[in-house]
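Thanks for making time, everyone. I have one structure to walk through today. Have a look at it first, and then I'll start in the middle of the fold.

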Amino acid sequence: MKAEIAELTNSTPIILSKEAQLVRDALIKSGLETPMIDNGLSTEEKYTRIKSAFTDVVETLGLDLTDDSLAETPHRIAKMYVKEIFSGLDYKQFPKITVIENKMKVDEMVKVSDISFTSTCEHHFVTIDGLAKVAYLPKSKIIGLSKINRIVRFFAQRPQVQERLTQQILVTLQALLETDNVAVSISAVHFCVKARGVMDASSSTQTTALGGLFKRSDKTRGEFLARS
Ligand SMILES: Nc1nc2c(ncn2[C@@H]2O[C@H](COP(=O)(O)OP(=O)(O)OP(=O)(O)O)[C@@H](O)[C@H]2O)c(=O)[nH]1
Ligand SMILES: [Zn+2]
């Protein structure tokens with residue numbers, strides 16, 4: 001377990017990348033940043049506090065933490081929160097972005113479909129299971145394709161509402177690609193709707209965020225929203 005905690009600390013680069021700073025500033029400016037406070041806690045301190053809090057939760061539920069199956073659960077949850085499902089709260093984890101000059105003068109739509117992700121609903125802290133579609137009209141820059149998937153995953157690794165997730169991906173790509181002409185749509189199943197509460201097993205939710213020509217031009221929007 002010690003090694004895993006050390007890994008939590010050591011895997012984190014110290015300085016934010018230029019792209020991470022650019023994206024964070026763009027989200028703050030547009031009012032779309034996730035509501036966060038700077039509590040000054042290191043990754044290791046967060047892990048320790050969450051583990052202790054979940055020890056309380058598990059014991060309060062009346063479960064026996066001396067049982068060998070349950071004993072490590074507070075540790076597992078703390079590690080999962082900090083390192084996995086909420087790691088996107090930490091801009092030090094923002095993916096390395098490769099952007100190249102559009103020397104080929106590509107001016108037709110680049111569209112990536114069926115980007116699978118899981119996120120976590122910020123109201124109930126249970127899973128959101130979704131597919132994203134992302135498109136842009138290249139201006140002076142082109143982004144490495146896998147970086148689009150990585151950006152979706154980064155913002156999915158936060159407590160989210162689907163509408164904000166959709167907008168955060170839009171603003172991020174607009175900032176990195178230096179163009180408004182970006183579109184994002186997400187279709188997702190919320191387990192807070194499926195597995196509890198209203199218990200609807202079949203509904204899904206679609207959200208769309210459109211910028212520039214995708215908003216202004218019926219043709220461009222139609223091409224983006226078309227099935228594939
Ligand atoms: N707009 C939006 N709502 C969401 C999202 N994820 C969960 N919700 C909703 O957030 C709402 C929270 O409602 P509350 O009445 O405070 O919570 P609740 O008593 O657990 O509500 P129920 O889910 O209806 O049982 C619910 O309607 C959820 O379906 C999301 O991504 N976007
Ligand atoms: Zn929910």
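Start with strand β7, residues 205-210. It is joined to β6 by six bridges, and the two strands run antiparallel. To find the register, look at A188, which stands opposite T205 in β7.

One caution before I go on. This is a predicted model. Keep that in mind for everything that follows.

Now stay with β6, which covers residues 182-190. Is it buried or exposed? Seven of its nine residues are buried, so β6 is largely enclosed by the rest of the structure. β7 was one partner. β3, residues 127-136, also pairs with β6, in the antiparallel sense and over nine bridges. Here the register marker is D129, with V189 of β6 opposite.

Move on from β3 to β2. Those two strands pair antiparallel as well, again over nine bridges. S119 sits opposite I128 in β3. β2 and β3 form a hairpin with five residues between the strands. Look at F125 in that hairpin, because its phi is positive, near 60°.

One more strand to place. β5 is residues 159-160. Its pairing with β2 is parallel, over two bridges. C121 has Q160 in β5 as its bridge partner.

So what is the strand order of the sheet? Read it as β5-β2-β3-β6-β7. That is an open sheet of five strands with mixed pairing. Which strands stand at the edges? They are β5 and β7. Each has a single partner strand, so one side of each is left without a neighbour in the sheet.

Next, what lies across the sheet? Helix α6, residues 162-177, lies across β2, β3, β5, β6 and β7. Against β6, α6 runs at about 155°.

Let me turn to two backbone oddities. As background, most residues other than glycine have a negative phi. K105 has a positive phi, near 55°, and is not a glycine. Where is K105? In the loop between β1, residues 99-101, and β2, residues 110-121. K105 counts as exposed because it has 7 C-beta neighbours inside 10 Å, and the cut-off for exposed is 12 or fewer.

The second one is D114. Its phi is also positive, at about 55°, and D114 is not a glycine either. This residue sits in a strand, β2. D114 has 9 C-beta neighbours inside 10 Å, so it counts as exposed.

Now the helices. Take α3, residues 43-60, and α4, residues 73-85. How do their axes meet? They come within 8 Å and cross at roughly 135°. That angle makes α3 oblique to α4. The crossing of α3 past α4 is right-handed.

Which residues make that contact? From α3 we have T43, K46, Y47, I50, K51, F54, T55 and V58. They meet T73, P74, H75, I77, A78, K79, Y81 and V82 in α4. By type, the contact of α3 with α4 divides into nine nonpolar, four polar and three charged residues.

One more residue, in a helix we have not visited. R24 lies in α2, residues 18-29. Is R24 buried, exposed or partly exposed? It has 16 C-beta neighbours inside 10 Å, so R24 counts as partly exposed. R24 also has a partner from elsewhere in the sequence to look at. Y91 is 67 residues away from R24 along the chain, yet their C-alpha atoms are separated by 7.8 Å.

Last, the view of the whole chain. How many helices and strands are there? The protein chain has nine helices and seven strands. Its C-alpha trace spans about 65 × 45 × 25 Å along the principal axes. Of its 228 residues, 27% are buried. Now take contacts between residues at least 6 apart in sequence. Of those, 72% join residues at least 24 apart.

To recap, keep three things in view. There is the open sheet, ordered β5-β2-β3-β6-β7. There is α6, lying across its strands. And there is the right-handed crossing of α3 and α4. That's my tour. Over to you.

Conventions. Residues numbered from 1 in each chain as written. Chains lettered and ligands numbered in written order. Predicted model: local features only at pLDDT ≥ 70, side-chain atom pairs only at ≥ 80, totals over all residues. Helix = DSSP H or I, 4+ residues; strand = E, 2+ residues; numbered from the N terminus. Buried ≥ 20, exposed ≤ 12 C-beta atoms within 10 Å, placed from the backbone. Pairing = 2+ DSSP bridges. Axes fitted to C-alpha atoms, helices over the stretch in contact; angles between N-to-C directions. Parallel < 35°, antiparallel > 145°, perpendicular 65-115°, else oblique. Left-handed = near helix turned anticlockwise from the far one by under 90°. Contact = placed C-beta atoms within 7 Å. Nonpolar A, V, L, I, M, F, W, Y, C, P; charged D, E, K, R; others polar.
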